[in-house]
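Let's take a friendly walk through a protein model together. Have a look at the structure below before reading on.

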Amino acid sequence: MKRLIVNADDFGLHTEINKGIVKGHKEGFITSTSLMPSAPAFEEAVNLAKECPKLGIGIHLTLVGGVSTCTSTDKVSSLVNSKGLFLDNYIEFSKRYYTGGVKKYELELELRNQIEKALGTGLKITHIDSHQHTHVLPGVNNIVIKLCEEYGIKKLRVPQEPYTFNGGFTTGIGRFVGRAGLSFCAQILAAKLDNSYKYPDCFFGMLAGGNLNEQLIANILKALPEGTSEIMTHPGLSNKILGNVFSWNYHWEQELGSYLSKNNHRLLEEYKIKLINFGEL
(Lines give C-alpha, C1' and ligand atoms only; values in the text may rest on other atoms or scores of the structure.)
Protein backbone atom coordinates (compact mmCIF):
# COMPACT_ATOMS: atom_id res chain seq x y z
CA MET A 1 0.00 0.00 0.00
CA LYS A 2 1.14 3.52 -0.79
CA ARG A 3 0.40 6.08 1.89
CA LEU A 4 1.31 9.76 1.68
CA ILE A 5 1.71 12.63 4.14
CA VAL A 6 1.87 16.06 2.53
CA ASN A 7 3.28 18.35 5.22
CA ALA A 8 3.30 22.13 4.81
CA ASP A 9 6.07 23.78 6.81
CA ASP A 10 6.20 27.25 8.43
CA PHE A 11 2.64 27.44 9.77
CA GLY A 12 2.60 30.64 11.79
CA LEU A 13 5.42 32.42 9.97
CA HIS A 14 3.20 34.76 7.91
CA THR A 15 -0.52 35.21 7.30
CA GLU A 16 -0.08 34.51 3.56
CA ILE A 17 1.56 31.19 4.44
CA ASN A 18 -1.11 30.35 7.01
CA LYS A 19 -3.95 30.99 4.58
CA GLY A 20 -2.17 29.14 1.79
CA ILE A 21 -1.75 26.06 3.95
CA VAL A 22 -5.40 26.05 4.97
CA LYS A 23 -6.51 26.52 1.35
CA GLY A 24 -4.25 23.63 0.30
CA HIS A 25 -5.82 21.45 2.99
CA LYS A 26 -9.46 22.36 2.41
CA GLU A 27 -9.33 22.42 -1.39
CA GLY A 28 -6.32 20.23 -2.11
CA PHE A 29 -4.45 17.31 -0.60
CA ILE A 30 -2.23 18.87 2.05
CA THR A 31 -2.79 16.62 5.06
CA SER A 32 -0.42 17.98 7.67
CA THR A 33 1.40 21.12 8.76
CA SER A 34 4.09 22.21 11.21
CA LEU A 35 3.42 25.01 13.68
CA MET A 36 6.23 27.49 14.51
CA PRO A 37 5.72 28.43 18.19
CA SER A 38 7.90 31.55 18.09
CA ALA A 39 6.73 32.91 14.72
CA PRO A 40 4.82 36.21 14.38
CA ALA A 41 1.56 34.75 12.97
CA PHE A 42 1.41 31.89 15.49
CA GLU A 43 -1.91 32.87 17.11
CA GLU A 44 -3.63 33.15 13.73
CA ALA A 45 -2.27 29.74 12.76
CA VAL A 46 -3.63 28.20 15.96
CA ASN A 47 -7.09 29.66 15.34
CA LEU A 48 -7.08 28.41 11.74
CA ALA A 49 -5.93 24.95 12.87
CA LYS A 50 -8.89 24.68 15.22
CA GLU A 51 -11.17 25.08 12.19
CA CYS A 52 -9.46 22.13 10.43
CA PRO A 53 -9.93 19.02 12.57
CA LYS A 54 -8.51 16.67 9.92
CA LEU A 55 -5.30 18.66 9.45
CA GLY A 56 -2.41 17.05 11.31
CA ILE A 57 -0.49 19.57 13.43
CA GLY A 58 3.18 19.09 14.22
CA ILE A 59 5.72 21.31 15.98
CA HIS A 60 8.22 23.04 13.71
CA LEU A 61 11.09 23.41 16.17
CA THR A 62 12.90 26.62 15.29
CA LEU A 63 16.52 27.57 15.92
CA VAL A 64 17.13 29.62 12.75
CA GLY A 65 15.34 31.93 10.35
CA GLY A 66 15.64 35.34 11.95
CA VAL A 67 12.53 34.99 14.12
CA SER A 68 12.12 35.56 17.84
CA THR A 69 12.73 33.02 20.57
CA CYS A 70 10.04 31.69 22.89
CA THR A 71 12.38 32.23 25.82
CA SER A 72 13.58 35.59 27.12
CA THR A 73 16.74 36.35 25.12
CA ASP A 74 18.83 36.93 28.25
CA LYS A 75 18.29 33.25 29.06
CA VAL A 76 19.22 31.98 25.56
CA SER A 77 21.79 34.55 24.44
CA SER A 78 23.98 31.90 22.77
CA LEU A 79 21.18 31.20 20.26
CA VAL A 80 20.59 34.72 18.98
CA ASN A 81 22.26 37.48 16.97
CA SER A 82 22.85 41.10 17.95
CA LYS A 83 19.18 41.87 17.25
CA GLY A 84 17.99 39.17 19.65
CA LEU A 85 16.74 36.94 16.83
CA PHE A 86 17.70 33.43 15.76
CA LEU A 87 20.60 33.16 13.30
CA ASP A 88 19.56 33.28 9.65
CA ASN A 89 20.21 29.69 8.57
CA TYR A 90 21.41 26.24 9.57
CA ILE A 91 24.91 26.90 8.23
CA GLU A 92 25.40 29.84 10.60
CA PHE A 93 23.86 27.86 13.44
CA SER A 94 26.06 24.83 12.75
CA LYS A 95 29.21 26.93 12.76
CA ARG A 96 28.32 28.40 16.14
CA TYR A 97 27.14 25.08 17.58
CA TYR A 98 30.13 23.00 16.51
CA THR A 99 32.66 25.62 17.60
CA GLY A 100 31.19 25.60 21.11
CA GLY A 101 29.32 28.89 20.86
CA VAL A 102 25.91 27.44 21.71
CA LYS A 103 25.15 26.52 25.32
CA LYS A 104 23.34 23.20 25.29
CA TYR A 105 21.26 23.97 28.35
CA GLU A 106 19.99 27.12 26.61
CA LEU A 107 19.19 25.10 23.49
CA GLU A 108 17.21 22.58 25.52
CA LEU A 109 15.38 25.34 27.40
CA GLU A 110 14.29 27.04 24.17
CA LEU A 111 13.12 23.82 22.51
CA ARG A 112 11.27 22.82 25.68
CA ASN A 113 9.48 26.18 25.76
CA GLN A 114 8.52 25.83 22.10
CA ILE A 115 7.03 22.39 22.71
CA GLU A 116 5.15 23.56 25.78
CA LYS A 117 3.78 26.60 23.94
CA ALA A 118 2.45 24.37 21.14
CA LEU A 119 0.99 21.85 23.59
CA GLY A 120 -0.59 24.72 25.53
CA THR A 121 -2.81 25.60 22.56
CA GLY A 122 -4.92 22.52 23.16
CA LEU A 123 -4.25 21.29 19.63
CA LYS A 124 -3.54 17.59 19.21
CA ILE A 125 0.14 17.48 18.27
CA THR A 126 0.96 14.73 15.79
CA HIS A 127 4.72 14.99 15.34
CA ILE A 128 8.00 16.90 15.57
CA ASP A 129 10.06 18.39 12.73
CA SER A 130 12.12 21.57 12.44
CA HIS A 131 12.90 24.70 10.47
CA GLN A 132 15.76 23.91 8.07
CA HIS A 133 16.00 20.41 9.58
CA THR A 134 18.13 21.45 12.57
CA HIS A 135 16.61 18.64 14.64
CA VAL A 136 18.69 16.09 12.69
CA LEU A 137 22.04 17.73 13.39
CA PRO A 138 24.33 15.49 15.51
CA GLY A 139 24.17 16.66 19.11
CA VAL A 140 20.95 18.57 18.62
CA ASN A 141 19.25 15.28 17.79
CA ASN A 142 20.05 13.95 21.28
CA ILE A 143 18.26 16.88 22.90
CA VAL A 144 15.28 16.49 20.58
CA ILE A 145 15.00 12.77 21.36
CA LYS A 146 15.20 13.52 25.10
CA LEU A 147 12.34 16.00 24.79
CA CYS A 148 10.28 13.66 22.61
CA GLU A 149 10.61 11.02 25.33
CA GLU A 150 9.66 13.48 28.05
CA TYR A 151 6.58 14.83 26.26
CA GLY A 152 5.52 11.53 24.70
CA ILE A 153 5.76 12.72 21.10
CA LYS A 154 6.92 9.61 19.25
CA LYS A 155 6.35 10.56 15.62
CA LEU A 156 8.76 12.78 13.76
CA ARG A 157 10.25 13.73 10.44
CA VAL A 158 13.33 11.89 9.24
CA PRO A 159 14.23 13.89 6.10
CA GLN A 160 16.22 11.20 4.33
CA GLU A 161 15.53 11.95 0.68
CA PRO A 162 17.12 9.33 -1.63
CA TYR A 163 20.61 10.53 -2.59
CA THR A 164 20.09 10.07 -6.33
CA PHE A 165 16.50 11.32 -6.59
CA ASN A 166 15.86 14.56 -8.49
CA GLY A 167 12.27 14.05 -9.66
CA GLY A 168 12.92 16.11 -12.77
CA PHE A 169 14.27 19.13 -10.85
CA THR A 170 17.35 20.71 -12.37
CA THR A 171 19.74 22.45 -9.98
CA GLY A 172 23.39 23.09 -9.20
CA ILE A 173 25.84 20.94 -7.29
CA GLY A 174 25.39 23.00 -4.12
CA ARG A 175 21.85 21.75 -3.52
CA PHE A 176 22.91 18.15 -4.12
CA VAL A 177 25.73 18.49 -1.58
CA GLY A 178 23.42 20.13 0.97
CA ARG A 179 20.76 17.48 0.45
CA ALA A 180 23.34 14.69 0.83
CA GLY A 181 24.58 16.16 4.11
CA LEU A 182 21.12 16.52 5.59
CA SER A 183 20.04 13.06 4.39
CA PHE A 184 23.13 11.60 6.05
CA CYS A 185 22.29 13.41 9.31
CA ALA A 186 18.75 12.03 9.01
CA GLN A 187 20.22 8.51 8.82
CA ILE A 188 22.12 9.19 12.04
CA LEU A 189 18.91 10.34 13.72
CA ALA A 190 17.02 7.25 12.54
CA ALA A 191 19.74 4.99 13.97
CA LYS A 192 19.20 6.54 17.40
CA LEU A 193 15.45 5.86 17.47
CA ASP A 194 14.06 2.73 19.07
CA ASN A 195 10.96 0.87 17.93
CA SER A 196 8.65 3.15 19.90
CA TYR A 197 9.20 5.88 17.32
CA LYS A 198 7.37 6.09 14.01
CA TYR A 199 8.29 8.04 10.90
CA PRO A 200 7.63 7.75 7.16
CA ASP A 201 9.66 5.24 5.17
CA CYS A 202 10.63 7.79 2.54
CA PHE A 203 10.91 11.57 2.27
CA PHE A 204 10.65 13.96 -0.69
CA GLY A 205 10.86 17.71 -1.21
CA MET A 206 14.32 18.63 0.04
CA LEU A 207 16.27 19.01 -3.21
CA ALA A 208 13.48 21.05 -4.80
CA GLY A 209 12.50 22.76 -1.56
CA GLY A 210 10.71 26.03 -2.30
CA ASN A 211 10.60 25.19 -6.01
CA LEU A 212 7.97 22.46 -6.23
CA ASN A 213 5.33 22.82 -8.91
CA GLU A 214 2.51 20.78 -10.44
CA GLN A 215 4.82 18.70 -12.66
CA LEU A 216 7.42 18.01 -9.96
CA ILE A 217 4.71 16.84 -7.57
CA ALA A 218 3.28 14.67 -10.36
CA ASN A 219 6.74 13.13 -10.83
CA ILE A 220 6.96 12.35 -7.10
CA LEU A 221 3.49 10.79 -7.08
CA LYS A 222 4.40 8.57 -10.03
CA ALA A 223 7.65 7.49 -8.34
CA LEU A 224 6.14 6.98 -4.88
CA PRO A 225 7.31 3.66 -3.38
CA GLU A 226 5.27 1.21 -1.36
CA GLY A 227 4.91 2.13 2.30
CA THR A 228 4.52 5.60 3.79
CA SER A 229 6.15 8.68 2.28
CA GLU A 230 6.24 12.34 3.25
CA ILE A 231 6.37 15.29 0.88
CA MET A 232 7.61 18.49 2.52
CA THR A 233 6.16 21.63 0.97
CA HIS A 234 5.97 25.40 1.40
CA PRO A 235 2.68 26.78 0.05
CA GLY A 236 1.49 30.37 0.26
CA LEU A 237 -1.05 32.69 -1.33
CA SER A 238 1.21 35.42 -2.75
CA ASN A 239 4.74 35.20 -4.14
CA LYS A 240 4.86 39.00 -4.30
CA ILE A 241 3.97 39.64 -0.67
CA LEU A 242 6.09 36.80 0.70
CA GLY A 243 8.97 37.61 -1.62
CA ASN A 244 9.10 41.12 -0.17
CA VAL A 245 9.50 39.66 3.33
CA PHE A 246 11.71 36.61 2.73
CA SER A 247 14.77 36.41 0.47
CA TRP A 248 14.52 32.66 -0.20
CA ASN A 249 13.24 32.89 -3.79
CA TYR A 250 10.55 30.35 -2.96
CA HIS A 251 7.60 29.72 -5.29
CA TRP A 252 4.82 29.59 -2.72
CA GLU A 253 1.92 29.99 -5.14
CA GLN A 254 3.19 27.27 -7.47
CA GLU A 255 3.60 24.87 -4.55
CA LEU A 256 0.04 25.56 -3.44
CA GLY A 257 -1.24 25.03 -6.97
CA SER A 258 0.41 21.60 -7.05
CA TYR A 259 -2.09 20.30 -4.48
CA LEU A 260 -5.10 21.98 -6.07
CA SER A 261 -4.25 20.45 -9.47
CA LYS A 262 -6.95 18.21 -10.93
CA ASN A 263 -4.27 16.18 -12.70
CA ASN A 264 -2.46 15.46 -9.44
CA HIS A 265 -5.73 14.51 -7.76
CA ARG A 266 -6.26 12.08 -10.62
CA LEU A 267 -2.79 10.60 -10.06
CA LEU A 268 -3.63 9.93 -6.41
CA GLU A 269 -6.51 7.76 -7.59
CA GLU A 270 -4.61 6.18 -10.47
CA TYR A 271 -1.68 5.11 -8.29
CA LYS A 272 -3.96 4.18 -5.36
CA ILE A 273 -2.27 6.55 -2.92
CA LYS A 274 -3.94 6.91 0.47
CA LEU A 275 -3.59 10.30 2.14
CA ILE A 276 -2.80 10.37 5.87
CA ASN A 277 -1.14 12.62 8.45
CA PHE A 278 1.50 11.77 11.05
CA GLY A 279 -1.21 10.97 13.59
CA GLU A 280 -2.20 7.94 11.50
CA LEU A 281 1.26 6.37 11.43
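This report visits a helix, a pair of strands and a cavity in what is a predicted model.

Start with helix 4, which covers residues 104-119 and has 16 residues. From its first C-alpha to its last, helix 4 reaches 22 Å, close to the 22 Å expected at 1.5 Å a residue. Which residues of helix 4 are buried? They are Glu106, Leu107, Glu108, Glu110, Leu111, Arg112, Gln114, Ile115 and Ala118. The table shows the elements that these buried residues pack against.

| Packing partner of helix 4 | Residues |
|---|---|
| Strand 3 | 56-61 |
| Helix 3 | 90-98 |
| Strand 4 | 125-130 |
| Helix 5 | 140-151 |

Two of these partners, strand 3 and strand 4, also pair with each other: they run parallel and are joined by five bridges. If you would like to find one such link yourself, look for histidine 60, whose bridge partner in strand 4 is aspartate 129. Why is strand 4 described as largely enclosed by the rest of the structure? Because six of its six residues are buried.

Now move on to the empty space inside the model. How many cavities of 30 Å³ or more are there? The count comes to one, and the largest cavity has a volume of about 70 Å³. Its lining is made up of Glu161, Phe165, Asn166, Gly167, Phe169, Gly205, Met206, Leu207, Ala208, Leu212, Leu216 and Ile220. Sorted by character, the lining of the largest cavity has eight nonpolar residues, three polar and one charged.

Conventions:
Residues are numbered from 1 along each chain as its sequence is written. This is a predicted model: local features need pLDDT of at least 70, side-chain atom pairs count only at pLDDT 80 or more; totals for chains, interfaces and linings use all residues. Side-chain values use heavy atoms; hydrogens and water are left out. Helices (H or I, at least four residues) and strands (E, at least two) are DSSP runs, numbered from the N terminus. The expected span of a helix is 1.5 Å times one less than its number of residues. Buried means under 20% relative accessible area, exposed over 50%, partly exposed in between (1.4 Å probe, protein chains only). Contact means heavy atoms within 4.5 Å. Two strands pair if DSSP finds at least two bridges between them. On a 1 Å grid over the protein atoms alone, a cavity is a set of points where a 1.4 Å probe fits but cannot get out, and a pocket is an open set with protein on both sides within 12 Å along at least five of seven lines; lining residues have an atom within 4 Å of a point. Grid points are joined across faces, edges and corners, and a volume is the space filled by probe spheres set on the points. Ala, Val, Leu, Ile, Met, Phe, Trp, Tyr, Cys and Pro count as nonpolar, Asp, Glu, Lys and Arg as charged, and the others, Gly among them, as polar.
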